[in-house]
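Colleague: Could you take me through one part of this model in some detail? I'd like to begin where the two chains meet and then see how the rest is packed.

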There are 2 protein chains.
Amino acid sequence: MNRHYHNLIQKLEEISHLSGIMSTLGWDQEVMMPAGASEARAKQIAALAGIIHDRMIDPALGECLDTLQNQALTDFGAVEHCNIREAKRHYDLETKVPKQLVQELAELGSRGQGIWVNARRENRFADFAPVLKRFLQLKIDWAQCVSPNMHVYDANIDLFERGTTMNEITPIFEYLKRELIPLIQAIQDQPKQPDTAFLRGRFALDKQEVLARQISRDIGFDFNQGRIDVSVHPFCGGSHPTDVRITTRYKDSDFIESLYSVIHETGHALYEQGRPHSELGDLPAAESLTMGIHESQSLFWERMIAQGKPFCSHYFATFRATFPEQLQAATVDSFYRAINTCKPDFIRVEADELTYPLHIILRYEIERGLFEGAIQVNDLPHIWNDLMRKYLGITPPTDTLGVLQDSHWSGGAFGYFPSYTLGAIYACQFYRTLLREQPDTEEAVAVGKFAPIKNWLNEKIHRQGRLYTPQQLVERVTGEALNPVYFIEYLKSKYSEIYGLSAS
Amino acid sequence: MNRHYHNLIQKLEEISHLSGIMSTLGWDQEVMMPAGASEARAKQIAALAGIIHDRMIDPALGECLDTLQNQALTDFGAVEHCNIREAKRHYDLETKVPKQLVQELAELGSRGQGIWVNARRENRFADFAPVLKRFLQLKIDWAQCVSPNMHVYDANIDLFERGTTMNEITPIFEYLKRELIPLIQAIQDQPKQPDTAFLRGRFALDKQEVLARQISRDIGFDFNQGRIDVSVHPFCGGSHPTDVRITTRYKDSDFIESLYSVIHETGHALYEQGRPHSELGDLPAAESLTMGIHESQSLFWERMIAQGKPFCSHYFATFRATFPEQLQAATVDSFYRAINTCKPDFIRVEADELTYPLHIILRYEIERGLFEGAIQVNDLPHIWNDLMRKYLGITPPTDTLGVLQDSHWSGGAFGYFPSYTLGAIYACQFYRTLLREQPDTEEAVAVGKFAPIKNWLNEKIHRQGRLYTPQQLVERVTGEALNPVYFIEYLKSKYSEIYGLSAS
């Protein structure tokens, strides 16, 4: 092996192993750590973060990368090129930013979180506004350091959805608005809404847990290489593809929320467990691709599969056997309709699949406006509420239920939101391709046969690691570029049927 | 603050924080980690261990220590001197051993474990003998590097029980043998043995867990700074005094074993939670002292408190309410006698407090013989069984139940065993002092008042960190040197009463 490449791999693998430890600490903190340990844990994390950072900005790594990039690497294949390219990008991201800016971002991220929590609780946007203004400025400065040739907002998006810019996103989101706003309006105007009363009640937590574990296992989660636990906010973490840890929370008033959250996180987990680490090592080429592609995998299972009729038809008997009292009078059909209701509401994370994109588009337009200077931070509550009225026909009664609801901005994560809806569009397009290539998919789901789906996702997406850009991957998998028409077709067809709308 | 001292503290705190992470990984591996992750975890641990080792042998640390030791440190107090002394000792331990020896020890430790597991399962001592021989040689070489002026076995003991040598241990152990062998014999000769039948049965695991948690909390375990979980072998781990994690295992055929194991580990945990980290920082002076002192804390609670009559009298009603069927006919007195039976058996970890020291003495004499060359590895099964007959009157039917039972030697931990019995002697002497200083202790225990005991241990032992040697600590706490007479007096008095022997 090329000596410089060998050297690179050793450095990258060490960083990967240390980052795996960091993830374990993060998981432990959310799931296991006693409350009193938070100060000690913060110091431990700071010590390890310092070491990882030192490794990432090590000038020897930079020299190694430069040498490799200047060689005519005729003997290198796609994997080696990918590792070099990704390592170089990370190195640049870490080294192009002056230390003072890095420190101020870290400090504001940690302080901003606390200020946001209080501001949200107290419904005082004015307390949070200075943090937001400062973060905006820092993220503009940051963008100019790392990607001086990109628009500052594009540079922020690029961190989460590599290679995707406003040029792609804006027309897609405009199209979604044109289609979804009237569709949601038409649904609200329907006098007959699905009955959801039987989804409320008391659902024993231990039964919910058994159910969630069974379904997660059924669709392919490998408990020999992962765990499911409880945390305040559901997430998918863990230290390695062989150590994937998902969490959920169980509410006794609602079994659908936790069940579908476990299915969602299982989608993320299957991506992680399916990464090509055994062939490619613990290296960038074996990493997951982008936030949007990751979200496409969770939404694929949550929406394309588990919110579909074949899935409901397969599991309804299990649901009713688990909660016989509550589901006595329900049927497969009424269950399917009840879990697929559309109703505009204030909170993004509780939104259904039809209204969810509008929550995202609103945030995207605000972020874009902030970075372009067309929107001022002080005007956000007002602008937020105007857009909510315009897109969903409702007005948040407080900023707590409006502009203050998400944690993202308190940590400086601008440009993250579009990934959620890009993920939904990817998921839909992937699913359409699966149906074309495996036409018996719905029949298989209806009898609980999920392995062909998991295998298809493994092969087409998970095992590709970071070899391609999201754009290339979508082309390779589906034969065409990202196309939101399938997403709209899917939503229109599904919800017209549920709500008895005349197909438009 | 002295610039060099400030520099030292920063380096030591970083090592402490990274070591805390290592402990979290160790706990996670035993308690949480999915089985499939073991290979990835091994790589993560190796990466972090390498970094910690680099920090510990950093020549800049060595220079800093030399500078500090060469200064007339008139402005330094006991804490600063302790930090410098302990850091220097660790630095020497890490740097005086040639890298090749360090590596061979690590490699053999990891390989030896697997060989021992198989040898024990297959009852084939011959498979394990080569590991033992090699470890012995390596540990002799190691001792000559780190402590060239000490006897090689003393240097090994010193690693676990600082400042204690064969000169102290041998006379103590000879005295214990003289007293205990005839006492145990007399007990075996008694026709009337306590009834223990009611301790066998089926004890629901969830009830055992509730009980164990309640008692652990009652005696002072702070769940805001710790957890209790389940693992294959009980241990006390965690990353920091604010993050102390104990484990146990629950058997449905025996609630005493897991309950007393939780009490034992709670004793270790109270030591950890009581360390003076908030005053002294995450530095050597705030560490726990030695294995023996640590064991004195676990045995203090397990034996001095929880195996005593006042404790049984306080909790018996709870035990009977928890397991009414099984304990129907039992009384406080019959319960106390049943949990304090003496019966020679083959396995150390299951031994009672009377026979336990003889298991230790046997191992001590074998280790000493091995290091002195008076005993050959190949003769061990034979020698082991002879000593078992001589000390406990029983002959192990297999090496699995004899010389192969403990894991210690498979990892090269020679010199560790004496700490267990030194701990028991410390515990007894501490308890005697407590009774002198707080004469109402037994009345307090009988009504479930444990705070004065915990506070006393906190003040006298836990908050002393590493400021003193074990010898100094015992003197300071009890007013005299370690004295095994109290241990023998306690055992004779207790067991004469239980077995109706005439006091000798």
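At what angle do the axes of helix H1 (residues 3-31) of chain A and helix H1 (residues 3-31) of chain B cross, and within what distance do they come?

Modeller: Happy to! This is a predicted model, where local features need pLDDT of at least 70 and side-chain atom pairs count only at pLDDT 80 or more, while totals for chains, interfaces and linings use all residues. Residues are numbered from 1 along each chain as its sequence is written, chains are lettered from A and ligands numbered from 1 in the order in which they are written, and side-chain values use heavy atoms, with hydrogens and water left out.

Now to your pair. The axes of H1(A) and H1(B) cross at roughly 70° and come within 11 Å. Helices here are DSSP runs (H or I, at least four residues; strands are E, at least two), numbered from the N terminus. Axes are lines fitted to C-alpha atoms, for helices over the stretch in contact, with angles from 0 to 180 degrees between N-to-C directions. H1(A) is therefore roughly perpendicular to H1(B); that label covers 65 to 115 degrees, with under 35 roughly parallel, over 145 roughly antiparallel and the rest oblique.

Ile21(A), Thr24(A), Leu25(A), Trp27(A) and Asp28(A) meet Ile21(B), Thr24(B), Leu25(B), Trp27(B) and Asp28(B), where contact means heavy atoms within 4.5 Å. An α-helix has 3.6 residues a turn, so residues three or four places apart point the same way. By class, the contact of H1(A) with H1(B) has 6 nonpolar, 2 polar and 2 charged residues. Ala, Val, Leu, Ile, Met, Phe, Trp, Tyr, Cys and Pro count as nonpolar, Asp, Glu, Lys and Arg as charged, and the others, Gly among them, as polar.

The two chains also touch at His240(B), which sits in strand E2 (residues 236-240) of chain B. Leaving aside neighbours within four places in sequence, His240(B) contacts Ala40(A) and Gln44(A), along with His277(B) and Asp282(B). At 11% relative accessibility, His240(B) counts as buried (under 20% relative accessible area; exposed is over 50%, partly exposed in between; 1.4 Å probe, protein chains only).

For a pair inside one chain, look at helix H9 (residues 205-219) and helix H10 (residues 255-273) of chain A, which pack at about 30° with their axes 10 Å apart. They are therefore roughly parallel to each other. The residues of this contact divide into 9 nonpolar, 4 polar and no charged.

Moving inward, the largest nonpolar core has 133 residues, and Leu176(B), Phe255(B) and Trp409(B) are among those with the most contacts inside it. Such a core is a set of buried Ala, Val, Leu, Ile, Met, Phe, Trp, Tyr and Cys residues joined through side-chain atoms within 4.5 Å. Helix H6 (residues 125-146) of chain B gives the largest share of this core, 12 residues. A second, separate core of 132 residues includes Ala143(A), Phe198(A), Cys428(A) and Tyr499(A).

H6 of chain B also turns up around helix H7 (residues 152-160) of chain B, where 8 of 9 residues are buried. What covers those buried residues includes H6, helix H4 (78-95) and helix H8 (166-189) of chain B.
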